[in-house]
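Colleague: I am new to this one and would like to go through it by question and answer. Could you show it first?

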Amino acid sequence: TAPAVAWPSAGYIEFMESGFLADVRHLRRLILHEKAHFMWSHLFSDTLKAAWINVTGWYEDAGAESGWSTTEDTTFVSAYAHLKNPNEDMAESISYYVESPATLQACCAAKYEFIEQNIMHGYRYVSVIREDLTFEVLNLFPDYTYPGKIIRVDIEVEGAPTEDKVCTVEIELHTTGGVFEGASYAFFRLISEIGTYTDVYLHPQNPPDNSILSGTFTLSKYAKAGLWAPQQITLSDVSGNQRFAGTNDFGWRLMLDNPLEDIGPPEYIANSLALNLTHAVLDGRDVQYITVSWELREDSSMDMWGGVYTRLVSDIGAYTSGLQEYGYPGLETLAETNRGTYYRATISLLLTEYRATANYAPSMIKMSDVAGNPTTVPFSDSASDEPQLWVYVSTPNPDTTPPELDLNNITISAVPTQPDAPNGETVVSITYRARDDKSGLGKVNYRLLDPQGTSHFEYHYHGNFYTTFFDGDPAAWTAYTISVVLPVGSAPGTWGLESIELSDKVDNKLSNSFVENVHFAVEADDDNDAGRRLQRTHDTSGIALQMRFSVL
């Protein structure tokens with residue numbers, strides 16, 4: 001589901017819950033993207049739209065799902081911008097022009113210039129990070145080369161008509177024997193004619209050239225028969241350079257001979273949802289489990305490993321990201337009939353002493369059969385949903401406060417692995433101090449921003465990352481050190497710590513963005529009205545922008 005949808009004709013933007021779970025800069029880009037759709041619908045003239053289409057290589061294509069295709073494959077800020085149409089490409093580009101201008105300048109100079117001159121009328125934005133959170137990367141041999149174009153696609157499908165199909169896809173990229181012309185991986189979503197899908201990654205088979213990539217996956221004998229095809233193949237290298245190949249850029253034919261195809265999704269048995277609260281001891285601590293169970297019917301066979309899912313919400317607070325689980329296996333066969341097989345799904349969710357005292361209820365359940373047919377059943381007070389079922393949980397020591405980060409005690413160092421002939425491979429060390437009042441520090445993620453505007457996401461797997469309970473004194477200020485090695489070919493120049501996000505053991509979250517967006521406005525020169533000059537008009541906090549999310 002899209003995190004947000006613009007409805008220009010109705011005059012509003014609809015935001016989904018998932019839109020607010022991303023990092024701060026992604027949320028701002030999302031808002032800008034959706035607002036840009038209103039500009040496309042209500043402000044931009046047909047002449048401006050035609051000029052944009054001409055500059056960006058879009059053309060109408062009745063064979064494409066969106067009705068559009070493009071001759072370009074590297075001048076896009078995201079795969080989504082390439083996949084859809086000129087409207088979406090414009091919305092993505094405008095959002096990056098404001099929020100991540102270096103990214104748009106690096107990949108799409110013509111688009112940046114078009115927006116600057118025709119939409120922003122010279123107004124510019126620059127993203128900067130405070131100096132003590134930056135570091136230098138040295139590289140005499142930088143990787144600015146995009147992965148090569150696809151010149152060959154080989155597909156093998158093995159399996160009798162009534163057997164599962166083992167599929168192997170191999171692609172070859174055009175290379176000339178130079179450095180960095182291959183790809184570190186390829187990704188595509190393989191989609192059937194009814195919209196069921198599987199995500200596929202291809203990996204290099206001939207290092208260091210990396211021009212041949214291959215992957216093997218299995219499609220069920222119950223999967224939709226006929227053509228399965230991707231709408232797009234994304235080729236990426238270790239430095240973040242990406243090429244997007246559309247359906248007109250490669251040949252493709254993957255057909256399934258599946259006489260047993262199942263195109264019907266699992267069926268939830270109405271009013272079968274049940275909740276059960278139990279007490280237990282885990283690692284010497286008193287804990288509670290909410291067990292969610294329901295019954296369902298399936299025509300063929302369920303996906304027994306992860307084929308069912310639920311998540312809980314409370315009646316007093318925000319979405320609790322840790323209270324969601326897939327069933328592994330989670331399914332019990334109840335009966336086999338001429339109408340299909342009946343199952344009971346059972347998923348248990350752990351609540352420690354630090355969870356909030358509240359009523360909890362499943363907000364949804366999801367089910368998927370072996371053919372990939374999905375069913376989502378929402379539960380709420382709405383007449384169109386299933387009735388919500390609540391269970392009261394009392395906890396002795398609820399934690400409703402996010403972790404703390406010492407913003408004035410973050411240090412960064414960077415050392416090239418080949419100082420005599422630096423090639424971009426750099427050992428980066430980031431030390432930060434954090435604490436939490438009760439449940440303790442849990443998941444930590446961070447982003448590094450390179451000179452090309454590419455954002456590099458990583459987790460910091462500290463000693464308590466995976467633990468259920470914090471080992472140590474959670475309230476004591478503790479120094480943590482991130483150590484990461486940037487790959488060969490990394491962009492030379494000034495890098496910076498873009499953001500860091502801390503969560504505690506019960507999902508209270510602190511998001512810190514260290515990027516300043518500086519706005520330069522155009523003013524007429526008093527001595528010459530025809531001249532223009534740039535003036536810095538806006539500067540956000542030079543320390544950090546923090547967003548706090550407390551889970552009640």
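Colleague: In which loop is the place of Asp507?

Modeller: This is a predicted model, and what follows is computed from it. Strand β34 covers residues 493–504 and strand β35 covers residues 509–513. Asp507 has its place in the loop between β34 and β35.

Colleague: What is the phi of Asp507, which is not a glycine?

Modeller: Most residues other than glycine have a negative phi. Asp507 is not a glycine, yet its phi is positive, at about 80 degrees.

Colleague: Is Asp507 buried or exposed?

Modeller: The relative accessible area of Asp507 is 15%. Buried means under 20%, so a residue with that value falls on the buried side. Asp507 is therefore buried.

Colleague: Asn271 also has a positive phi. Is Asn271 buried or exposed?

Modeller: Asn271 is not a glycine, and its phi is about 65 degrees. The residue is found in the loop between β17 (267–268) and β18 (274–282). Its relative accessibility is 64%, and the cut-off for exposed is over 50%, so Asn271 counts as exposed.

Colleague: Which residue does a cis peptide bond join to Tyr328?

Modeller: Most peptide bonds are trans. Here omega is about 0 degrees, and the bond is cis. The residue after the bond lies in the loop between β21 (324–326) and β22. The partner of Tyr328 is Pro329.

Colleague: Where is Pro208, at the end of the peptide bond from Pro207?

Modeller: The bond from Pro207 to Pro208 is cis, with omega near 0 degrees. Pro208 is found in the loop between β10 (197–204) and β11 (212–219).

Colleague: How many residues lie between β22 and β23 in their hairpin?

Modeller: Strand β22 takes in residues 331–337 and strand β23 residues 340–351. The two run antiparallel and are joined by 6 bridges. One of the pairings sets Glu336 against Thr341 in β23. Between β22 and β23, the hairpin has 2 residues.

Colleague: Which residue in the turn between β1 and β2 has a positive phi?

Modeller: β1 (residues 4–7) and β2 (residues 12–15) pair in the antiparallel sense over 4 bridges. Ala4 has Phe15 in β2 as its bridge partner. The hairpin has 4 residues between its strands, and the one with a positive phi, of about 85 degrees, is Gly11.

Colleague: How many residues does helix α1 have?

Modeller: Helix α1 runs over residues 24–42. From its first C-alpha to its last it reaches 28 Å, close to the 27 Å expected at 1.5 Å a residue. Among its buried residues are Leu27, Leu30, His33, Glu34, His37 and Phe38. The number of residues in α1 is 19.

Colleague: Are α1 and α4 roughly parallel, roughly antiparallel, roughly perpendicular or oblique to each other?

Modeller: The axes of α1 and helix α4 (residues 86–99) come within 8 Å and cross at roughly 130 degrees. Roughly perpendicular covers 65 to 115 degrees and roughly antiparallel begins over 145, so this angle fits neither class. α1 passes α4 in a right-handed crossing. The two helices are therefore oblique.

Colleague: Are α2 and α6 roughly parallel or roughly antiparallel to each other?

Modeller: Helix α2 (residues 46–56) packs with helix α6 (residues 109–118), their axes 10 Å apart and at an angle of about 160 degrees. The crossing of α2 past α6 is right-handed. Angles over 145 degrees count as roughly antiparallel, so α2 and α6 are roughly antiparallel.

Colleague: Which cysteine does a disulfide join to Cys107?

Modeller: The structure holds 1 disulfide. Its sulfur atoms are 2.3 Å apart, and the angle about the S-S bond is -75 degrees, which goes with a left-handed link. Cys107 counts as buried at 15% relative accessibility, and its partner counts as buried at 2%. That partner is Cys108.

Colleague: What distance separates the C-alpha atoms of Ile412 and Phe135?

Modeller: Ile412 has its place in strand β29 (residues 411–416) and counts as buried at 17% relative accessibility. Ile412 and Phe135 are 277 residues apart along the chain. Their C-alpha atoms are separated by 7.0 Å.

Definitions and conventions. Residues are numbered from 1 along each chain as its sequence is written. This is a predicted model: local features need pLDDT of at least 70, side-chain atom pairs count only at pLDDT 80 or more; totals for chains, interfaces and linings use all residues. Side-chain values use heavy atoms; hydrogens and water are left out. The expected span of a helix is 1.5 Å times one less than its number of residues. Buried means under 20% relative accessible area, exposed over 50%, partly exposed in between (1.4 Å probe, protein chains only). A disulfide is a pair of cysteine sulfur atoms within 2.5 Å. Two strands pair if DSSP finds at least two bridges between them. Axes are lines fitted to C-alpha atoms, for helices over the stretch in contact, and angles run from 0 to 180 degrees between N-to-C directions. Angles under 35 degrees count as roughly parallel, over 145 as roughly antiparallel, 65 to 115 as roughly perpendicular and the rest as oblique. A crossing is left-handed if the near helix is turned anticlockwise from the far one by less than a right angle, and right-handed if clockwise.
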